[in-house]
Amino acid sequence: MPTVGIKRDLLFEVLQKTYTDDQFQDLCFDFGLELDEVTSEKEMLSREQGTESDQVKTASEAIIYKIDIPANRYDLLCLEGLARGLLVFLHKMEAPRYRSIPPTEGPRQQLIIKPNTAKVRPHAVAAILRNITFNQDRYSSFIDLQDKLHQNICRKRSLVAIGTHDLDTIQGPFVFDAKPPDEIKFRPLNQQKELTATQQMELYSGDSHLRHYLPIIRDKPVYPVIYDRNGVVLSMPPIINGEHSKITLNTRNVLIECTATDLNKATTVLDQLVSMFSQYCSQPFIVEQVDVVRPDKTSITYPKLAYREEELLVEDVNKKIGIQESPETIAQLLTKMCLKSKVVENGSKLLVEVPPTRADVIHCCDIIEDVAIAYGYNNVQYTMPKTNCIADQFQINHLTDQLRNAVAQAGFTEVLTFALCSRDDIADKLGHNIENTRAVHISNPKTSEFQVARTTLLPGILKTLANNRKMPLPLKLFEISDIVLQDPDKDVGAGNERHLCAVNYNKAPGFEVIQGLLDRTMQMLEVKSCKDDDQGYYIRSSQDDATYFPGRCAEIVARGKVIGKMGVLHPDVIQKFELTLPCAAFEITLEPFL
Amino acid sequence: MNIKLNIFHITKGTEFKLKLDKPEADLTPEMISSGSWRTKTFKPFNFDALGVPPTSGHLHPLLKVRSEFRQIFLEMGFTEMPTNNFIESSFWNFDSLFQPQQHPARDAHDTFFISDPATAHEFPMDYLERVKKVHSEGGYGSQGYKYDWKIEEAQKNLLRTHTTAVSARMLYKLAQQKEFRPVKYFSIDRVFRNETLDATHLAEFHQIEGVVADYGLTLGDLMGIIYEFFKKLGIEKLRFKPAYNPYTEPSMEIFSYHEGLKKWVEIGNSGVFRPEMLLPMGLPQDVQVIAWGLSLERPTMIKYGIDNIRDLIGPKVNLQMIYDNPLCRLDKKII
């Protein structure tokens, strides 16, 4: 969930009201946000750098609210949008109408896309904010929003990259092309001299912020680049903008370009950015259009700032939430959520206008949720579903719970271990070869602890023993849980198997103790001890299992099939699991007993 | 010369005996048969000492809580779903739930992907086509996400990130039946997240999920059944907060008031499944599906005052904690 840091006093100034932290917390709760933390720049820095650093000493103590924003609300990711949303919610203002218009004189600026971009980053959109006034706060907010959008909807710049430029320092028409890295040379932001793209890749590989974006284009034959009619480079997306066109507090006209591999997302991102910051233009909420000319010579005008209409049945809204409100009230509630609505067709339907800032609304159910939020979730009456069902237990779980009780009653202690482990845990340490285990392998483990899904419960129990060596003896542990095996008959190629594993750890291994538990378990499952009958169970000596001590290993056969093994653990196994005393164990599958 | 004369008067006391008796520790079989207990003295018993602990086996605290939650669901008429499949395909875990393929949760650093077997090989193909369409083009009243849906992404196997994947399979199965019948399902099983680990987060934990599918269910119904569920845990003071899930709308986070901390704490998540998820399955238009979930570990840690999750599950657990852990009585206030 994204978090925005908003200066509290600035926010209250815009909201024209001062709240206590608790009051603001309540407001957030009702709106669907969460006030996560109340802090200050000084506090945040001192947490990172300690209280003695110079940066901390000069840092601001102004209160910052850290607010959690739902991941699909791009319109709430900055103070401007958040305040606007809250003001409309509190009936303190009407949602603004966003419009894009051609320039007051002359033709639209153009951004021409060259065919080469198709090799690396095919799409681009652009817009202009005219006669905008920045101050330090607005400027920081502008940069922050781009960063937030980059992290979220842009998927760390891989889908969309935003570039913003001082329009008065450059001259259109602008060209979006892709060139071999050595042919791109310009002075990047905050650098002193001109560097080629290759040099910049080198330079930024050490930059903690930028190095994450380099792989997006590094190995491509051509890199994206935007330049103006005089060859001045605006930016090399998604890496960095040029120093030449950088925005300052004195910038009055801003060109925004978004290059992308996903055109829809780029359009949405552009719409969000301009809706938020056109607030500071001399004509608020009016954005100047730019023509984007594609390689096939067709031209599209941006920003779209499209308004959409959805129709809802009033009855539907009331029924789905469980309230009984008049169409007029519902229309009012929606208007509170920036979804301007009117009652149509004699009060049976609502016509709802979805603004470009509400890209999260893609179905009527999104609108119905907003009605419920505006009404107040906690004002809805609790009712009970009239659904009558006879409940059923999942057979293997029912059996498991009964068997867990039986094994505990027999004097064993239940443990709960991890389903993921290292390859060694289920192979080397048990004297087996990983290839013979039918194990499922994980492709992106962060540590060796998550290399495979367990194929046996034994390693987990042995590790638990190793962590409890000081406990009084004997230690008698068990676990009834799932292991995972590859299985070509399953649609995903693998499935779970419910196993019971028990271990006796003591000065003497206690094969007879473990066998006693097995006998008791079979008695509980009504399986007779019988060699000849194919409904009964018996054990028979087994050779060649490196997990067990030679001459002290047996296969367990029940209902004609081998269901598991038991025996005294091999000293190698005992030592590999950092244990010191003898140990006897058995492990069986419970699946045949359903 | 001073002579001191001391005169003592001695009489027989009540305890006067001619023989010296050693006090006995306990009754013996001989004393009972011979009756000699009548003439013996017994050592005073030390009522302050503890008794001998009986040799017992023990159940694991988290699994005791699990049994209690299973019981609660069964008491409410919920049927247990088959969740014995840790390995799931991206299709059932994400796509069928209308979670887009570019969603950050499908990143390699939130989800464990499988290298072997890397892909799932069987899907209900006509359903898959409908899922593809609703993601990429929309339909069923939706704008859709408008991106190129790729079957290769959907085929990727992973360790399931939620048991909602099983709920999706069950709802699909339900929709294939000739006639729709309302159902109440639940599951409590293991899920896996590849996130940063800390004192309260592990790579694997248990998710509890309840699902109701019926005609005309409302948000009020969802709140009502959640209320009844938590009432069985001794929690009655609830507050619902608007939230966001890719597959539910409306979505609500469930909060309850913690008397000790004197604040509202989050205890669960819930929502109404989106039409984009239900309609491609073939469920009737006016069937609503409501669901809620929480983790098993969190209420257990709160109830038993455990701060570090590794003290509760995994091999680092102290066996003495398991030996000493009391009955799990959820109806007695857990927070």
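Visitor: What makes B:Arg274 and A:Asp366 a salt bridge?

Guide: This is a predicted model, and in it the side chains of B:Arg274 and A:Asp366 come to 2.9 Å, N to O. The cut-off is 4 Å between a side-chain nitrogen of Lys or Arg and a carboxyl oxygen of Asp or Glu. The value of 2.9 Å for B:Arg274 and A:Asp366 is within 4 Å, so the pair is called a salt bridge.

Visitor: How many salt bridges are there between chain B and chain A?

Guide: The count is 5 salt bridges between chain B and chain A. Over all chains, a search of the whole structure gives 44.

Visitor: Why does the salt bridge of B:Arg169 and A:Asp491 join two chains?

Guide: B:Arg169 lies in helix H6 (residues 164-176) of chain B, while A:Asp491 is in the loop between strand S25 (475-486) and strand S26 (494-505) of chain A, so the pair joins two chains. The N to O distance of this salt bridge is 3.0 Å.

Visitor: Why is A:Asp491 called buried?

Guide: The relative accessibility of A:Asp491 is 17%. Buried means under 20%, so A:Asp491 counts as buried.

Visitor: What is known about the contact between chain B and chain A as a whole?

Guide: In contact are 107 residues of chain B and 93 residues of chain A. The buried area between the two chains is about 8400 Å², with 56% given by carbon and sulfur atoms. There are also 50 residue pairs in polar contact between them, both residues at pLDDT 80 or more. On the side of chain B that touches chain A, helix H7 (residues 219-231) of chain B gives the largest share, 8 residues. By class, that side has 50 nonpolar, 33 polar and 24 charged residues.

Visitor: Why is strand S23 of chain A said to pair with strand S3 of chain B?

Guide: Strand S23 (residues 441-442) of chain A and strand S3 (residues 114-116) of chain B are joined by 2 bridges and run antiparallel. Pairing needs at least two bridges, so the two strands pair. Within this pairing, A:His441 stands opposite B:Asp116.

Visitor: What makes S13 and S17 of chain A edge strands?

Guide: They belong to an open sheet of 7 strands in chain A, in the order S13-S12-S11-S8-S5-S16-S17, with mixed pairing. Strand S13 (240-241) and strand S17 (299-302) each pair on one side only. Elsewhere in that order, S8 (residues 174-179) and S11 (residues 223-227) of chain A are joined by 5 bridges and run antiparallel, with A:Lys179 opposite A:Tyr223.

Visitor: How do you know that the salt bridge of A:Asp360 and A:Arg73 links distant parts of the chain?

Guide: The two residues are 287 residues apart. A:Asp360 is in the loop between strand S20 (349-354) and helix H11 (364-375) of chain A, and A:Arg73 is in the loop between strand S3 (63-68) and helix H5 (79-89) of chain A. Their side chains meet at 3.8 Å, N to O. A:Asp360 has a relative accessible area of 10% and is buried; A:Arg73, at 11%, also counts as buried. Both residues are in a network of salt bridges that includes A:Asp75, A:Arg358 and A:Asp370.

Visitor: Why is A:Lys320 called partly exposed?

Guide: The range for partly exposed runs between the 20% and 50% limits, and A:Lys320 has 29%, so partly exposed is the term. A:Lys320 forms a salt bridge with A:Asp316 at 3.8 Å, and A:Asp316 is partly exposed at 29%. The two are 4 residues apart in helix H9 (residues 314-321) of chain A, about one helical turn.

Methods: Residues numbered from 1 in each chain as written. Chains lettered and ligands numbered in written order. Predicted model: local features only at pLDDT ≥ 70, side-chain atom pairs only at ≥ 80, totals over all residues. Heavy atoms only, no water. Contact = heavy atoms within 4.5 Å. Buried area = accessible area lost by both parts, 1.4 Å probe. Polar contact = N/O pair within 3.5 Å; in protein donor to acceptor, adjacent residues only side chain to side chain. Nonpolar A, V, L, I, M, F, W, Y, C, P; charged D, E, K, R; others polar. Buried < 20%, exposed > 50% of the residue type's maximum accessible area, 1.4 Å probe, protein only.
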